[in-house]
Every structure is written in structure tokens, then in C-alpha cells.
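Please open the model in your viewer and keep the sequence panel beside it, since each stop below begins with a selection. The tour moves from one helix to its neighbours and then to a second pair of helices.

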Amino acid sequence: MFDKNTTDAHLANLVKIEADANALNTLIDRHSGICYKIYNKYFQNNTSSLAKDIEDQKDSLIYQAAKTFNPEFGAKFSTWLGNIITYACLNACND
């Protein structure tokens, strides 16, 4: 496992380049809370299957964020992930 000093950018790079499952699990542990906060914003008190489907995608959305994250764009990983989660929620609401 990685320690708390390992940056999210480094972990995302390990996921992208080496398909490192431990790095992905560390990102999931660190950022699941952000995902749930965003889910609650869009699906507050919603127990529909739509809300559950989006929540079930959390790990794959974190994986997608890691695979597409580029620190050279100047964003933090949490911001990048937050945008991906937000767009997933918006798309689900509009379907």
C-alpha cells in the first residue's frame, strides 16, 4: 500500500501506465467521500435504481479519472474526479 505522502498524481500515473491495482485502491479509499458528496447533491434522499446505478459506478469512475488525469493541465486529481462524477450524475438525470 502507499503512504499518505504519495501524491494522487503519482497514483493516477501508476494506474494509467502500469495498471497498478494497489494505486487504484488507494485512490478509491481517498476519494470515495468526494463521490458520495456529489451523489448526494444530485440524488439527495433518492432511493431510485438510477441513484443506485450511479453510486455503483463509483470505482469505475475513479478508474476513468485516473486513466485520463493529466497534472499538466493544472487541476488537482480531486477536481478532475469531481467533474467526471458531476457529469455522470447530470447525464443520468437527463436520460
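**First stop: helix α1**

Select helix α1, residues 8–18, and colour its buried residues, which are Asp8, Leu11, Ala12, Leu14 and Val15. If you look down the axis of α1, these buried residues fall within an arc of 155°, so they line one face of the helix. Please keep in mind throughout that this is a predicted model.

Now turn to the face of α1 that points away from its buried side, where you will find the exposed residues Ile17 and Glu18. To see what lies over the buried residues of α1, display the elements that cover them, which include α2 (21–43), α4 and α5.

**Second stop: alanine 19**

Which residue follows α1 with a positive phi? Select alanine 19, which sits in the loop between α1 and α2 and whose phi is near 50°, a positive value in a residue other than glycine. As background for this stop, most residues other than glycine have a negative phi. Alanine 19 is exposed, with a relative accessible area of 60%, a value to be read against the cut-off of over 50% for exposed residues.

**Third stop: α1 against α2**

Show α1 and α2 together, and draw their axes if your viewer allows it: the two axes come within 8 Å and cross at roughly 140°. The two helices are therefore oblique to each other, because angles over 145 degrees would be needed to count as roughly antiparallel. The crossing of α1 past α2 is left-handed.

For the contact itself, select Asp8, Leu11, Ala12, Leu14 and Val15 on the α1 side, together with Ala23, Leu24, Thr26, Leu27, Arg30 and His31 on the α2 side. Coloured by class, this contact of α1 with α2 has 7 nonpolar, 2 polar and 2 charged residues.

**Fourth stop: α4 against α5**

Next, select helix α4 (residues 58–68) and helix α5 (residues 77–94), whose axes are 9 Å apart and which pack at an angle of about 130°. The helices α4 and α5 are therefore oblique to each other, and their crossing is right-handed.

Which residues make this contact? From α4, display Leu61, Ile62, Gln64, Ala65, Ala66 and Thr68, and from α5, display Phe77, Trp80, Leu81, Ile84, Ile85 and Ala88, which they meet. Sorted by class, the contact of α4 with α5 contains 10 nonpolar and 2 polar residues, with no charged residues.

Note on methods
Residues numbered from 1 in each chain as written. Predicted model: local features only at pLDDT ≥ 70, side-chain atom pairs only at ≥ 80, totals over all residues. Heavy atoms only, no water. Axes fitted to C-alpha atoms, helices over the stretch in contact; angles between N-to-C directions. Helix = DSSP H or I, 4+ residues; strand = E, 2+ residues; numbered from the N terminus. Parallel < 35°, antiparallel > 145°, perpendicular 65-115°, else oblique. Left-handed = near helix turned anticlockwise from the far one by under 90°. Contact = heavy atoms within 4.5 Å. Nonpolar A, V, L, I, M, F, W, Y, C, P; charged D, E, K, R; others polar. Buried < 20%, exposed > 50% of the residue type's maximum accessible area, 1.4 Å probe, protein only. Arc of directions from axis to C-beta.
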